[in-house]
Amino acid sequence: MAVAAPGQLNLDESPSWGSRSVDCFEKLEQIGEGTYGQVYMARETETQEIVALKKIRMDNEREGFPITAIREIKILKKLHHQNVIQLKEIVTSPGPERDEQGKPIHGNKYKGSIYMVFEYMDHDLTGLADRPGMRFTVPQIKCYMKQLLTGLHYCHINQVLHRDIKGSNLLIDNEGNLKLADFGLARSFSNDHNGNLTNRVITLWYRPPELLLGSTKYGPAVDMWSVGCIFAELLNGKPILPGKNEPEQLSKIFDVCGTPDESNWPGVTKMPWYNNFKPPRQLKRRVKEYFKHFDRLALDLLEKMLTLDPAQHKMHLMQSISGLIPYHVILKACQSMNLHTSSRPRKNANKCVKPMKLRRGKRHNILNHMAVCLQFNKQDSPILKSDQASR
Ligand code: AMP
């Protein structure tokens, strides 16, 4: 950041985090309710910029600032990418919040409120998909998938697992830019972690079998399972694995992907909850049958994304382009195709904090393969002009 000359204001300098009051913003309407608090559309009174204000719920907290919010802020502060939501600043409302009669709001008597200020996005993927009569075209799906994969790849090489990839956390603006949002369940990881991660993460319909079987040692492959579910959902027009509870979720997975055993997933019988959820009978894999209406390439890709074993090393995958071309070359090629990426590239976009080499042969390496199979074309448009109504 440039340093101002003595006696001059440094106009480059953004306000230091937490120093501004929420009164600098005019709340326009509530646009969402997350696990951790309400989300408002708001206008910055000086610049007129429209932003999203996410209130951090403090009323249930006995021990001060919620750890989940600390994690989310810490992670978002280090991520700067055109496909990851930008956390602009933190603002506060001093003292107790009061109701219309001026009485302190119950449960928040002595605490002020804290808000995260985000760039504003017009839609989320689930909201768009749920519009009556809405069916995404293949070019639209490719375009969203490309952006989802680019953003996720950036998170993974910066050693961040998102752990809640689903349509409502993929925000989209009216230009078709897609950004990963809601890092409330995200966490940093390293390849040598000792296996004490929680397995109660990722919304059930998008949760991979290794978490449902109790694994506490996992990596980027968990997010890739969710991406596979979203890819199939977009092509299918509805969620593919809508389980009501954990046992039902696993049985839906087994129904489509077949039952796991030592031959297709070495080590599965030793997983913590394998015996609790052991399938009563063997089922064969039926991905091709279930999704026979999909395009051949899409089906081929889905087969590889929905592998039961996250560490499965597939010969045909190794032989595919993914085994030959490194990540960054493919992603660079995609970027050079001028694919509706953000029109205003951010200063720090693509800057990696500490790039990490991803190991080959795992479910997450399909990212490469996918980028190539999807063959992103210049004409792939994000959303149709007719879809561009604001929320
Ligand atoms: P979250 O707690 O981050 O999942 O937010 C809950 C909901 O608020 C999301 O599903 C969105 O509909 C909305 N939302 C969150 N962040 C934004 C944003 N930056 N712009 C517009 N809407 C948002």
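The following exchange concerns how several structural terms apply to this predicted model.

Author: The model is predicted, with local features needing pLDDT of at least 70 and side-chain atom pairs counting only at pLDDT 80 or more, while totals for chains, interfaces and linings use all residues. Residues are numbered from 1 along each chain as its sequence is written, and side-chain values use heavy atoms, with hydrogens and water left out.

Reader: Why does Ser 93 count as buried or exposed?

Author: Buried means under 20% relative accessible area, exposed over 50%, and partly exposed in between, with a 1.4 Å probe and protein chains only. Ser 93 has 9% relative accessibility and therefore counts as buried. Ser 93 is found in strand β5, where 5 of the 7 residues are buried.

Reader: What makes a residue a contact of Ser 93, and which residues are in contact with it beyond its neighbours within four places in sequence?

Author: Contact means heavy atoms within 4.5 Å. With those neighbours set aside, Ser 93 is in contact with Val 22, Gly 112, Ser 113 and Tyr 115. The C-alpha atoms of Ser 93 and Tyr 115 are separated by 8.2 Å, at 22 residues apart along the chain.

Reader: How do you know which strands β5 pairs with?

Author: Two strands pair if DSSP finds at least two bridges between them; strands themselves are DSSP runs (E, at least two residues), and helices likewise (H or I, at least four), numbered from the N terminus. β1 and β5 have 2 bridges, in the parallel sense, and 6 bridges join β5 to β6, which run antiparallel. Both pairs therefore satisfy the definition. Ser 21 stands opposite Thr 92 in β5, and Glu 89 stands opposite Val 117 in β6.

Reader: What makes β1 and β2 edge strands?

Author: The 6 strands form an open sheet of mixed pairing, in the order β1-β5-β6-β4-β3-β2. β1 (20-21) and β2 (25-34) each pair on one side only.

Reader: Why is α5 called roughly parallel or roughly antiparallel to α9?

Author: The axes, lines fitted to C-alpha atoms over the stretch in contact, give angles from 0 to 180 degrees between N-to-C directions. Helix α5 (residues 221-236) and helix α9 (residues 296-305) come within 9 Å and cross at roughly 150°. Angles under 35 degrees count as roughly parallel, over 145 as roughly antiparallel, 65 to 115 as roughly perpendicular and the rest as oblique; α5 is therefore roughly antiparallel to α9.
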